[in-house]
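Have your viewer ready and a selection box open. We will hop from site to site, with a note at each stop on what to pick and what you should find there.

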Amino acid sequence: MYSYLFISTIYCSIIYVFSYTDPSVTNPQLVKRFEYKLSFKGPHLAFKDGSVPFWTFGGSAIASDEQVRITPSIRSQKGWIWSKNTLSANDWLLDIKLRITGRGRVGADGMAIWFTENPGVEGSVFGSNDQWKGLGIFLDSFDNDALQNNPIIAVMLNDGTKSYDHQHDGSSQIQGSCVRDFRNKPLPIRLKIEYINQGLTIYINNGISQDDNAFEFCTHIDHIQLPKVGYLGVTAATGGLADDHDVLELLTHTYFDRQVLAKAHAATDEQARKYKEEYEKYEQELQKEQADYRKDHPDATTTLNEQQLYETEYDREFRVILEGQDQIRLSLTSVDRKMAELLGRIERLTSTDSRQVENVPSTGTNIPADVARIQDINRVINANTDMTRTIQSFAQVLTDLQQKVNNLQTNLKNPQVVGTGNQVVGSNVDANILNELRDTIRQIKSETNTLLHKSSNQIQCPTVGSVGDSSCLGPYTFFAIIALQIVIFIGYFTYRKQQDYFPRKYL
Ligand SMILES: [Ca+2]
Ligand SMILES: [Ca+2]
């Protein structure tokens, strides 16, 4: 007998278990849409601050990464979580994964899933308020009326006037139910709550099968009126006995008729076409008014051309490019100027250092290096200045000397042979020129001595190598050679003068 009942139970279970098929599959006219603002699931179900996006919760509820624990297994607890957004579609599907576990063989009180006109407040009906407006689906664990029909999944509609009859598990108020043991299952149980064409159907996955899509039919209610717009919520409560009431997922999908959507799109397209026609009509009227204005005001010479008044996109982009290039050019010019300044400073420093190394020997004193360097540089500059000035003076003297020699040569080439008196006159002229030459030589000698004196004190020829041999022409040698050349030059002209004079004398 018992074996027969056991086999019958298994057989019935096999009959009722089937793979759930989505309505949008069986009815191609339905378009399914996921409503993420009316859903939550793990992982990362809650933010770091513990809040759940698009949802609000309270009472004993605690959200974590994987679930929302509506109540812990502690006596007399009430918890709730409600959507912040409303569900307004005519057809929808809730897919809820939950777990109800407790240490006792019997648990309490249970959990409720809501779709109500207003968000619930904490109350006496599985953690939410009584006399609600809308749908309540109860997972009633505790058998209050002792009819041994709990745990039970029961559906109750309320127009806001009915009070839930806890003592009898609402047995006279519920519109549909199925008795299922949903507590302490090895896997989370799942509910599919389908509301299509005003018919409510509930399916349950018993939390034993590994097949996620294995559902049992629970109950179906036809022709029920639910609020057009409502909030979704999950609440739970414990009493003298206590269970953990956890929600792991709540996924909401809505369904829309494909033809209705097409009509809505068509209506939108129609409206867009209407707006376009209105715009074209307005534009035509505007152009007509502008033409009438020009016709009535022929003297108005300023014909406004919008294309001339406003910069075109191409012109604006081109202007931006030119401005950018001009800025780049200015930057390059500035960099080039600074580089030139820097290069000049480097060259001056290099020249100064080389002069110091070549011309200025170390003083061997304790003067700081920078001060000594400046003093040496000043001394070299002063010496060069004096040298330059002396050479200029010497050049001027040489110029005068050359002029006088030219005059003497001219006189020698054109002798005046008119008489002895004239010869005496010419001889006197030559004597004067020779005197001037002598004075000039003395001046050159004086200048040379002065220059040599300064040069010997201030300018030294750079040495080559460690031997110290002088490889350059010293100032003394230079001016001595110059003076010797001048003396030879004068002596030569004097000799020629004598040669020219004696033949003419003895002719
Ligand atoms: Ca109960
Ligand atoms: Ca009962």
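Start by selecting the calcium ion (ligand 2): its protein donors are Asp143 (OD), Asp145 (OD), Asn149 (OD1), Asn150 (OD1) and Asp169 (OD), lying 2.1 to 2.3 Å from the ion. Keep in mind as you go that this is a predicted model. Along the sequence, the donor residues of this ion follow the spacing D-x1-D-x3-N-N-x18-D. Color the two asparagines by accessibility and they part ways: Asn149 counts as partly exposed at 22% relative accessibility, whereas Asn150 is buried, with a relative accessible area of 15%.

Which residue coordinates both calcium ion (ligand 2) and calcium ion (ligand 1)? Click on Asp169, which bridges the two ions across their 5.8 Å separation. Asp169 is itself buried, its relative accessible area being 6%.

**The other calcium ion**

Now center on the calcium ion (ligand 1). Its coordination comes from Asp140 (OD), listed twice, together with Phe142 (O), Asn144 (OD1) and Asp169 (OD), at 2.2 to 2.4 Å. The sequence spacing of these donors reads D-x1-F-x1-N-x24-D. Show the cartoon here, and you will see that the pair Asp140 and Asp169 links distant parts of the chain: Asp140 sits in strand E11 (residues 133-140), while Asp169 belongs to the loop between strand E12 (152-159) and strand E13 (176-179), 29 residues apart. Is Asp140 buried or exposed? At 3% relative accessibility, Asp140 counts as buried.

**An enclosed strand**

Next, select residues 199-205, which make up strand E15. Of its 7 residues, 7 are buried, so E15 is largely enclosed by the rest of the structure. In a regular strand, side chains alternate between the two faces of the sheet. Try giving each face its own color: Gly199, Thr201, Tyr203 and Asn205 are on one side, with Leu200, Ile202 and Ile204 on the other, and both faces of E15 are covered.

Add the strands that pair with E15. Strand E14 (residues 189-196) runs antiparallel to E15, joined by 7 bridges. To find a matching position, pick Lys192, which stands opposite Tyr203 in E15. E14 and E15 form a hairpin with 2 residues between them, and in the turn Asn197 has a positive phi of about 50°. Strand E16 (residues 214-221) also pairs with E15 in the antiparallel sense, over 5 bridges. Here the position to click is Ile202, opposite Thr219 in E16.

**A salt bridge from E16**

Stay with E16 and pick Glu216, which forms a salt bridge with Arg180, the closest N and O atoms being 3.0 Å apart. This pair links distant parts of the chain, with Glu216 in strand E16 and Arg180 in the loop between E13 and E14, 36 residues apart. Glu216 counts as buried at 10% relative accessibility, while Arg180 counts as partly exposed at 21%.

**More charged pairs**

How many salt bridges does the structure hold? There are 12 of them. Side chains of opposite charge can pair when their charged atoms come close.

Move to Asp22 and Lys32, whose side chains meet in a salt bridge (2.6 Å, N to O). Asp22 is in the loop between strand E1 (17-19) and helix H2 (23-26), and Lys32 is in strand E2 (residues 30-34), 10 residues apart. Asp22 is buried, with a relative accessible area of 11%; Lys32, with 35%, is partly exposed.

Then jump to helix H3 (residues 258-296), where Glu277 and Arg273 lie 4 residues apart, about one turn of the helix. Their side chains meet in a salt bridge (2.5 Å, N to O). Both partners are partly exposed: Glu277 has a relative accessible area of 43%, and Arg273 has 40%. To see salt bridges that share partners, select Lys41, Lys97 and Glu249, which are joined into one network.

**Last stop: a nonpolar patch**

Finally, switch on the molecular surface and select Val335, Met339, Leu342 and Ile346. These residues form a nonpolar patch on the surface, with about 360 Å² of accessible area together. Val335 lies in helix H5 (residues 313-359), and at 47% relative accessibility Val335 counts as partly exposed.

Technical notes:
Residues numbered from 1 in each chain as written. Chains lettered and ligands numbered in written order. Predicted model: local features only at pLDDT ≥ 70, side-chain atom pairs only at ≥ 80, totals over all residues. Heavy atoms only, no water. Donors = N, O, S within 2.8 Å, 3.2 Å for Na, K, Ca; no water. Buried < 20%, exposed > 50% of the residue type's maximum accessible area, 1.4 Å probe, protein only. Patch = residues over 30% accessible without salt bridge, like charges linked within 9 Å, V, L, I, M, F, W, Y side chains within 5 Å. Areas by Shrake-Rupley, 256 points an atom, 1.4 Å probe, with all protein chains shown as cover. Salt bridge = Lys/Arg side-chain N within 4 Å of Asp/Glu carboxyl O. Pairing = 2+ DSSP bridges.
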